[in-house]
Amino acid sequence: MSNKKIMVSGIQPSNNLTLGNYLGALKPFVDLQKKYKMFVFIADLHAITNEFNRAMLLKNKKNIACLYCACGLDIKKTIIFNQSDVCSHNDLSHVLLCHTTLGELKRMTQFKTKALTKNDNNTSFIRTGLLTYPILMAADILLYDTDVVIVGADQKQHLELTRNLAIRMNNKYGKMFNIPQPFILKNASRIMDLVDAKIKMSKSNKNQNGVIYLLDDKQTIIKKIMTAKTDSFNKIRYDKKNQLEISNLLEIYASLTDKNINDIVKKYRNKNYKLFKEDLANIVVEKLDIIQKKFKKISKDFDKKIEPILKKNAEYCTAIVKRKTKLVYKKIGLTK
Ligand code: AMP
Ligand code: TRP
């Protein structure tokens with residue numbers, strides 16, 4: 001057995017992946033895959049908590065698996081799999097649901113923004129999967145004796161709930177779960193939309209001009225960056241309070257180049273926004289071009305090379321997490 005710490009994370013196959021997903025999730029997975037024993041799954045059970053259609057779901061699942069590899073996850077080291085192939089995620093989720101209150105779930109910011117704003121306070125038409133989603137996420141994490149979870153800032157509250165549930169269950173029935181820690185990213189924990197920097201860059205944003213997709217073509221990327229909203233100071237400073245937009249672009253720059261933000265600010269001290277944006281556009285185009293080329297190649301080989309590994313990994317995961325559900329069932333009295 002390796003004594004590496006365990007890291008678990010997943011991304012929903014609910015649309016094409018964004019630069020936010022790359023910087024807030026995929027890139028750190030890649031950077032850390034040597035240091036940790038890493039389980040990275042395609043969160044398909046989470047994706048069906050939103051509106052979805054069958055053909056798109058299947059296509060997005062394949063795309064995410066290929067993008068994981070194209071971004072640099074080493075399929076021989078990192079355990080990549082489809083969440084729905086490992087049944088224990090649902091088994092544990094049910095047990096955890098029975099130990100969570102409605103109040104806890106209704107407090108979740110993501111639930112409030114996704115569900116309640118659309119329907120005022122009338123909850124009758126909200127799909128319950130949207131409400132119970134964080135419990136499934138807790139099960140994803142607790143099944144694997146996870147030490148560390150990489151998530152963007154938007155998911156921290158869910159991780160806090162996971163920790164609370166683990167402590168609650170351990171206190172009530174005796175130790176069964178490891179308490180996971182969040183992994184805090186230096187930059188890029190919350191990449192914002194390029195048109196409206198008050199909202200995060202997300203697959204579901206209405207105005208697509210503010211969202212860079214990993215599979216966007218070169219011209220689209222350049223256009224999105226060159227037309228990104230900025231202020232009228234025309235001074236490149238990292239000041240999230242007064243210059244939110246340029247600070248967001250600086251974070252993207254720093255995160256993509258692994259450079260320190262202060263050094264970048266120094267480099268562009270007397271330069272204007274246009275020049276800075278041109279440089280940034282080049283950096284993004286160059287990075288995504290490499291990913292897209294690999295993606296194309298990997299996609300062609302998906303059925304032969306990737307899919308069998310996903311299946312094998314799911315079998316491996318099924319075997320290890322079964323031990324955990326067995327222990328939980330025993331501790332709470334479902335089995336002797
Ligand atoms: P999702 O697309 O909601 O399944 O998110 C998958 C992962 O990407 C999660 O860890 C998110 O926190 C992360 N993520 C998504 N959007 C962003 C963003 N704009 N900035 C940083 N991380 C993000
Ligand atoms: N909820 C996460 C998101 O929307 C995806 C996710 C599901 C996840 N299960 C997870 C992330 C477990 C980390 C660990 O971004």
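A helix here is a DSSP run of H or I at least four residues long, and helices are numbered from the N terminus. With that in hand, open your viewer: the model you are looking at is predicted.

**Stop 1: a pocket**

Select helix 1, residues 19-32. Five residues of helix 1 line the second largest pocket, which is the largest share of that lining. Now add helix 10, residues 244-257, which also supplies at least two residues. The second largest pocket has a volume of about 370 Å³. To find its middle, show K27, D31, K186, N187 and D258 as sticks: of the 16 lining residues, these are the closest to the centre. What classes of residue make up the lining of this pocket? Eight are nonpolar, three are polar and five are charged.

**Stop 2: the largest cavity**

Next, look for enclosed spaces. How many cavities of 30 Å³ or more are there? The count comes to two. For the largest cavity, select Q110, F111, K114, L130, Y133, P134 and H158, the residues that line it. Colour helix 6 (109-116) and helix 7 (128-142) as well, since each of these elements gives two or more residues to that lining. The space inside the largest cavity is about 50 Å³. Its lining has four nonpolar residues, two polar ones and one charged one.

**Stop 3: the second largest cavity**

Clear your selection and pick D193, L194, A197, A228, K229, E245, N248 and L249. Together they line the second largest cavity, whose volume is about 40 Å³. By class, that lining holds four nonpolar residues, one polar residue and three charged residues.

**Stop 4: helix 4 against helix 7**

Now for some helix pairs. Two packed helices are described by the angle between their axes and by the distance between the axes. Keep helix 7 coloured and add helix 4, residues 88-97. These two pack at an angle of about 120°, and their axes are 8 Å apart. Why is this pair called oblique? Angles from 65 to 115 degrees count as roughly perpendicular and those over 145 as roughly antiparallel, so an angle between those ranges is oblique. Helix 4 and helix 7 are therefore oblique to each other, and helix 4 passes helix 7 in a right-handed crossing. To see the contact, show H89, N90, L92, S93, L96 and L97 from helix 4, then T132, I135, L136, A138, A139, D140 and L142 from helix 7. Eight residues of this contact are nonpolar, four are polar and one is charged.

**Stop 5: helix 3 against helix 12**

Select helix 3 (residues 54-70) and helix 12 (residues 273-300). The packing angle is about 125°, with the axes 9 Å apart. That angle makes helix 3 oblique to helix 12. The way helix 3 passes helix 12 is a right-handed crossing. On the helix 3 side of the contact, display K62, N63, C66, L67, C69 and A70. On the helix 12 side, display I291, K294, F295, I298 and S299. The residues of this contact comprise seven nonpolar, two polar and two charged.

**Stop 6: helix 9 against helix 12**

Leave helix 12 on screen and switch your other selection to helix 9, residues 218-226. Here the angle is about 150°, and the axes are 9 Å apart. That makes helix 9 roughly antiparallel to helix 12. The two helices make a right-handed crossing. Which residues of helix 9 meet helix 12? They are K218, I221, I222, I225 and M226. Their partners in helix 12 are K274, K277, E278, L280, A281, V284, V285 and L288. Try colouring this contact by class: nine of its residues are nonpolar and four are charged, with no polar ones.

Definitions and conventions
Residues are numbered from 1 along each chain as its sequence is written. Chains are lettered from A and ligands numbered from 1 in the order in which they are written. This is a predicted model: local features need pLDDT of at least 70, side-chain atom pairs count only at pLDDT 80 or more; totals for chains, interfaces and linings use all residues. Side-chain values use heavy atoms; hydrogens and water are left out. Axes are lines fitted to C-alpha atoms, for helices over the stretch in contact, and angles run from 0 to 180 degrees between N-to-C directions. Angles under 35 degrees count as roughly parallel, over 145 as roughly antiparallel, 65 to 115 as roughly perpendicular and the rest as oblique. A crossing is left-handed if the near helix is turned anticlockwise from the far one by less than a right angle, and right-handed if clockwise. Contact means heavy atoms within 4.5 Å. Ala, Val, Leu, Ile, Met, Phe, Trp, Tyr, Cys and Pro count as nonpolar, Asp, Glu, Lys and Arg as charged, and the others, Gly among them, as polar. On a 1 Å grid over the protein atoms alone, a cavity is a set of points where a 1.4 Å probe fits but cannot get out, and a pocket is an open set with protein on both sides within 12 Å along at least five of seven lines; lining residues have an atom within 4 Å of a point. Grid points are joined across faces, edges and corners, and a volume is the space filled by probe spheres set on the points.
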